[in-house]
Amino acid sequence: MTTPKFVPGPAGSALRGLPRTDRLVEAADRAGMVEALGRGPVLEAVRAELDRHRAAVLAGEPCPSPEAIEAGLLDRLREDARGSLRPVVNATGVVIHTNLGRAPLSDDAIAAMGRAARGYTNLEYDLAEGERGDRYGHAEAPLCRLTGAEAAVAVNNNASAVMLALAALMDAAPDRSGGGEAGVRPLAAPGRGEAEAGLPEVIVSRGQLVEIGGGFRIPDVLRRSGAALVEVGTTNRTYLRDHEAAVGPRTRILLAVHRSNFRLSGFVHDTPLEELVDLGRRRALWVVDDLGSGTLLETAPFGLGVEPTVQERIRAGADLVCFSGDKLLGGPQAGILCGTREAIARVKRHPLMRALRVDKVTLAALSATLAHYERGEALEKVPVWRAIAAGPEALEARARGWLAALGPAGAGCAVRPSRSAVGGGSLPEVTLPTSVLSLPGAPDALAARLRRGDPPVVGRIEEDRVVLDPRTVMPGEDEALVAAVRGALAG
């Protein structure tokens, strides 16, 4: 905003009381903000602060004193110096909270990332042979051991894993003769070129045309991968005969999509994956299974219902199974493809692979996370599973510990039973018993004060009260949470 050279009346007098730009820059420098942020960002913040006050004065509002403007500027600069991406205390009880970064990583995974980031690594170098190596091999072996797959590869998220799987399998049929890739043959309608035949086709049940967070839709992914969508069955019931009737000369893939973020109940039927695999083998078609969240551990023992495991889908015979690395696996953001050697080899050779591949830091974290499963310690070491496995008695004891630590400041607070959600598009409508610390006061204002703390504390509002759920508060964060609550309650 450009201030007029002369503004008559009271507004003009008030504008002349605004501090000079150089005075505010000098104040920021004395406070160490120029060193922390750089002179350019500080100068930009000073100008924005003065523009804001000029606009307010011209709108008839009183002008603060120069000292108040300086103090407000320094507060904003200190906030900027903390960075826009900041650690928060997740007291929502949502274990895989998409807005809060999904799965927190284990200490081993964090240490592995640090080692990979600090210097050079053998990311694509074979130390034994002294020549170029395979970056994907670092995670492939443990993924194969854990899932039973013949081969595996990781990309940057599950959406890209599905898109890459479809794109890579479009131009050739699988070799069902047992001869490997040497037997792969192109697909085309008899007597017609591919341009005349149209786009290759992917068959999927209407009941599995899902949308997940961020507007990611299966039909959109199919179009982007260069395929034509063939919908079969109905929203609630799809049979093998529906898939079989839709197979034509351009059919390439039978796609199964697990509804990991919602449920259909009542009069429903899905074609079992085993039946799709049998059809794929009889008709020389690829079978791709988008498992969504994916899990290596059975969920039923934790009261979460039955969720298909990656191992089960591999045993069912899918050529590719796609799932997330940062949801129920509890690792870094990644999309994982496990399956046959033939299918994975085609994925690795596809041009999109380079655009979607993961870096050394992600591979280090993924490998360390997988090691927890191989050592049988995932429930103790992987934070997502540690939170899921936490018992109601331990959670109640922790919440009561917070209440006791608050002392007199906790007057009006109470510990009461509640339910936690798994979240992250996983296990819809499934909750776990917990105990929460319920806080008195206007909930919206109190929640805002908690979010403005250092570190910010994010809770949830239940029955017109802010509640804090210990299920998702990480070990070592209790003291910070109690201090934040004490400050927020004090207003």
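**Exercise 1. Strand E14 and its partners**

Task: Determine which residue stands opposite Thr-434 of E14, and establish with which strands E14 pairs.

Solution. Step 1. Ser-418 is the residue that stands opposite Thr-434 in E14. The model in which this is seen is a predicted one.

Step 2. Strand E13, residues 414-421, pairs with E14 in the antiparallel sense, and eight bridges join the two.

Step 3. Strand E17, which covers residues 465-468, also pairs with E14 in the antiparallel sense, here over three bridges. In this pairing Ser-438 stands opposite Val-467 of E17.

Step 4. As for its surroundings, E14 is mostly covered, since seven of its nine residues are buried.

**Exercise 2. The setting of Ser-438**

Task: Decide whether Ser-438 is buried or exposed, and state which side chain its own side chain meets in a polar contact.

Solution. Step 1. Ser-438 belongs to strand E14, residues 431-439.

Step 2. The relative accessible area of Ser-438 is 3%. Buried means under 20%, so Ser-438 is buried.

Step 3. A polar contact of 2.8 Å links the side chain of Ser-438 to the side chain of Arg-465.

Step 4. Residues up to four places away in sequence being left out, Ser-438 touches Gly-412, Cys-413, Ala-414, Arg-416, Arg-465, Val-466 and Val-467.

**Exercise 3. Glu-396 beside E14**

Task: Find how far apart the C-alpha atoms of Glu-396 and Thr-434 are, and classify the accessibility of Glu-396.

Solution. Step 1. Glu-396 is part of helix H19.

Step 2. Along the chain, Glu-396 and Thr-434 are 38 residues apart, while their C-alpha atoms are separated by 7.0 Å.

Step 3. With residues up to four places away in sequence not counted, Glu-396 touches Val-415 and Ser-435.

Step 4. The relative accessibility of Glu-396 is 32%. Partly exposed covers the range between the buried limit of 20% and the exposed limit of 50%, so Glu-396 counts as partly exposed.

**Exercise 4. The nonpolar cores**

Task: State how many residues the largest nonpolar core has and which of them have the most contacts inside it.

Solution. Step 1. In soluble globular proteins, nonpolar side chains tend to be buried together.

Step 2. In this chain, the largest nonpolar core has 51 residues, and Cys-338, Leu-370, Tyr-373 and Ile-388 are those with the most contacts inside it.

Step 3. Tyr-373 may be followed further. Apart from its neighbours within four places in sequence, Tyr-373 is in contact with several residues, among them Leu-146, Leu-296, Leu-328, Val-382 and Trp-385.

Step 4. A second core, separate from the one just described, has 32 residues, including Tyr-136, Val-210, Ala-227 and Val-257.

**Exercise 5. The largest pocket**

Task: Establish how much space lies in the largest pocket and which helix gives the most to its lining.

Solution. Step 1. The space in the largest pocket comes to about 610 Å³.

Step 2. Its lining is made up of 29 residues, and Asn-90, Pro-104, Pro-383, Thr-472 and Met-474 lie nearest the centre of the pocket.

Step 3. Two or more lining residues come from each of helix H6 (107-118), helix H18 (383-389) and helix H19 (392-406).

Step 4. H18 gives the most to this lining, with four residues.

**Exercise 6. Backbone features in loops**

Task: Identify where a cis peptide bond occurs, and decide whether Ala-284 is buried or exposed and whether Asp-464 is buried or exposed.

Solution. Step 1. The cis peptide bond joins Asp-454 and Pro-455, with omega at about 5°. Pro-455 lies in the loop between helix H20 (443-451) and strand E15 (457-458).

Step 2. Ala-284 is not a glycine, yet has a positive phi of about 55°. Its place is the loop between helix H12 (273-283) and strand E10 (286-292). Ala-284 counts as buried because its relative accessibility is 10%.

Step 3. Asp-464, likewise not a glycine, has a positive phi of about 65°. Asp-464 is placed in the loop between strand E16 (460-462) and E17. Its relative accessibility is 58%, and Asp-464 therefore counts as exposed.

Conventions: Residues are numbered from 1 along each chain as its sequence is written. This is a predicted model: local features need pLDDT of at least 70, side-chain atom pairs count only at pLDDT 80 or more; totals for chains, interfaces and linings use all residues. Side-chain values use heavy atoms; hydrogens and water are left out. Buried means under 20% relative accessible area, exposed over 50%, partly exposed in between (1.4 Å probe, protein chains only). A polar contact is a pair of N or O atoms within 3.5 Å; within protein, one must be able to donate a hydrogen and the other to accept it, and residues adjacent in sequence count only if both atoms are side-chain atoms. Contact means heavy atoms within 4.5 Å. Two strands pair if DSSP finds at least two bridges between them. A nonpolar core is a set of buried Ala, Val, Leu, Ile, Met, Phe, Trp, Tyr and Cys residues joined through side-chain atoms within 4.5 Å. On a 1 Å grid over the protein atoms alone, a cavity is a set of points where a 1.4 Å probe fits but cannot get out, and a pocket is an open set with protein on both sides within 12 Å along at least five of seven lines; lining residues have an atom within 4 Å of a point. Grid points are joined across faces, edges and corners, and a volume is the space filled by probe spheres set on the points.
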